[in-house]
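Biologist: Thanks for sitting down with me over this one. Could you walk me through the reasoning behind the labels you use?

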Amino acid sequence: MSQPDTLVESVEQVRGDAFVEVKYDEAIPNNVDLSSDKQLLRALESWHPNYLQWWQDMGPEGFQTSEVYLRTAVGVDPSGWAKFGHVKMPDYRWGILLAPRVEGRTIPCGRHKGQPAWQEVPGEYRSLLRRLIVVQGDTEPASVEQQRFLGKSAPSLYDMRNLFQVNVEEGRHLWAMVYLLVKYFGKDGREEAQALLERRSGQQDNPRILGAFNERTPDWLSFFMFTYFTDRDGKMQLAALAESGFDPLSRSCRFMLTEEAHHLFVGETGVQRTIEATCAAMKKAGITDPHDVAAVRKLGVVDLPLLQRKANFHMSVTRDLFGSEISSNAAEAFSTGLKGRFNEAKLEGDDHVLQDATYTVTRVVDGRFVDEAVPALRAINCRLLDDYIADCQGGIDRWNKVIEKAGFAFRITQPHKGFNRRIGEFAGHRISPDGRLLTEAEWHAAQGNWLPNDDDMQFISSLMKPCVEPGRYASWIAPPARGINNQPQEFEYVKIA
Ligand SMILES: [Fe+2]
Ligand SMILES: [Fe+2]
């Protein structure tokens, strides 16, 4: 299926590898020769029913018996890995798929740089590696839980199908991490795998590990923003883990990235189609001022200032997912070679060890911003965050082109890195989107202009009426340029049972 330009690089990462066929005649489809490892197979087979129970309890509510036009991976070759067909979600073939092994691959960074990549867990780094896998694994079921009620307010069958596709793939990403835990970490791995099914997004007693994965995804605009901004954190983390010296993690993440590309596509085009509907309705009604919010909302479309506030919210909570800009844990993950930087192996201009290198980190010192040169090893998170912010811009530019083409004087922008942050250098400071340090009073007076306010959320929720006739779309969103797998506009993507 088609993907926008920005996503090509993640597909690139598997290009050039040999085709590896996935065995679908086994209970757990896989390309890791599961049947030859009886102990592992038994462990995964005992986890499987618990997973299915979790999916029934926490997966998409109300559509478990509907037939959904889903893409299933049948190989990990980029040119032919997808097969499309109507499937009931609980019957989806969640499998264990690793990108093929690259002969002679070496550890790309840190103190073991240049040594052969590990095929087994390096004993001295066992607990750090397990933690990295658990934290990544925890985000996967979390997003399914966050999105479980959205099917009921889908703006079209096309969008509903995309939601469910994202959901089943996040389920598969959980499988990918559970495979690593169970295969390589013995009893503690099995316990962690079970705990991944027990935490719940937003639950007080046993929440998901990271903050943004405990936020609600109450409406479709949130879903599109989430898949554009928060799944992009997923892309960055997976890309950094794809550089891991622990080869099974690297191979797992390389394949996951190809699925992540679709999630980002869903987010980018979802916001873009929202903007298209808004601009078209404004033009038709003769509204020239995008800030004439009352008039725009009467048309049943989302005003552009509200889109900016939604984007501000999702960007800021997602930036917190990168952790403290200056972090000794991140330094350790890099120095051990367990996690690289974005595109580590392709980066030119440094030694990939970073013993003497520095990186510029913006900090707040005595009430003002100061750019400080910090040992690069300790600034690994800051660097990944900066790469993320740069990666976000492509889609935003494409959104702005739509607005510009329609002739409206409005641009979606990224807020200052310190805006609305709870973690890292800017936590505890009040910073405006244009990067001014504010007093508490100034912040409270203005924050309703910068983050979605109660009126905004009520308005969005008033738009969330399901539209499930094939080929029809809710007022606030334009049809897609192309159908999934080139299906015609009126195709029945979900046969609702
Ligand atoms: Fe994922
Ligand atoms: Fe994702």
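**Helix packing and a small set of labels**

Modeller: Happy to, and please keep in mind that this is a predicted model. Helix α4 (residues 157–184) lies across β1 and β7, running at about 45° to β1.

Biologist: What makes α4 and α7 roughly antiparallel to each other?

Modeller: The two helices pack at an angle of about 170°, and their axes are 10 Å apart. Angles over 145 degrees count as roughly antiparallel, therefore α4 and α7 earn that description.

Biologist: Which residues of α4 and α7 meet?

Modeller: From α4 come N162, Q165, V166, E169, H173, A176, L180 and Y184, and they meet P248, L249, S252, M256, E259, H262, H263 and V266 of α7. The residues of this contact divide into eight nonpolar, six polar and two charged.

Biologist: Why is P248 called buried?

Modeller: The cut-off is 20 or more other C-beta atoms within 10 Å. P248 has 22, so P248 is buried. P248 sits in helix α7 (residues 247–285) and touches L98, L180 and Y184, leaving aside residues up to four places away in sequence.

Biologist: What makes β2 and β7 the edge strands?

Modeller: The open sheet has three strands in the order β2-β1-β7, with antiparallel pairing. Both β2 (82–88) and β7 (494–495) pair on one side only.

Biologist: And how do you know that β1 pairs with β2?

Modeller: Pairing needs at least two bridges, and seven bridges join β1 (residues 67–73) to β2, so these strands pair, running antiparallel. Within that pair, V68 stands opposite V87 in β2.

Key. Residues are numbered from 1 along each chain as its sequence is written. Chains are lettered from A and ligands numbered from 1 in the order in which they are written. This is a predicted model: local features need pLDDT of at least 70, side-chain atom pairs count only at pLDDT 80 or more; totals for chains, interfaces and linings use all residues. Helices (H or I, at least four residues) and strands (E, at least two) are DSSP runs, numbered from the N terminus. A residue is buried if 20 or more other C-beta atoms lie within 10 Å of its own, exposed if 12 or fewer, and partly exposed in between; C-beta atoms are placed from the backbone. Two residues are in contact if their C-beta atoms, placed from the backbone, lie within 7 Å. Axes are lines fitted to C-alpha atoms, for helices over the stretch in contact, and angles run from 0 to 180 degrees between N-to-C directions. Angles under 35 degrees count as roughly parallel, over 145 as roughly antiparallel, 65 to 115 as roughly perpendicular and the rest as oblique. Ala, Val, Leu, Ile, Met, Phe, Trp, Tyr, Cys and Pro count as nonpolar, Asp, Glu, Lys and Arg as charged, and the others, Gly among them, as polar.
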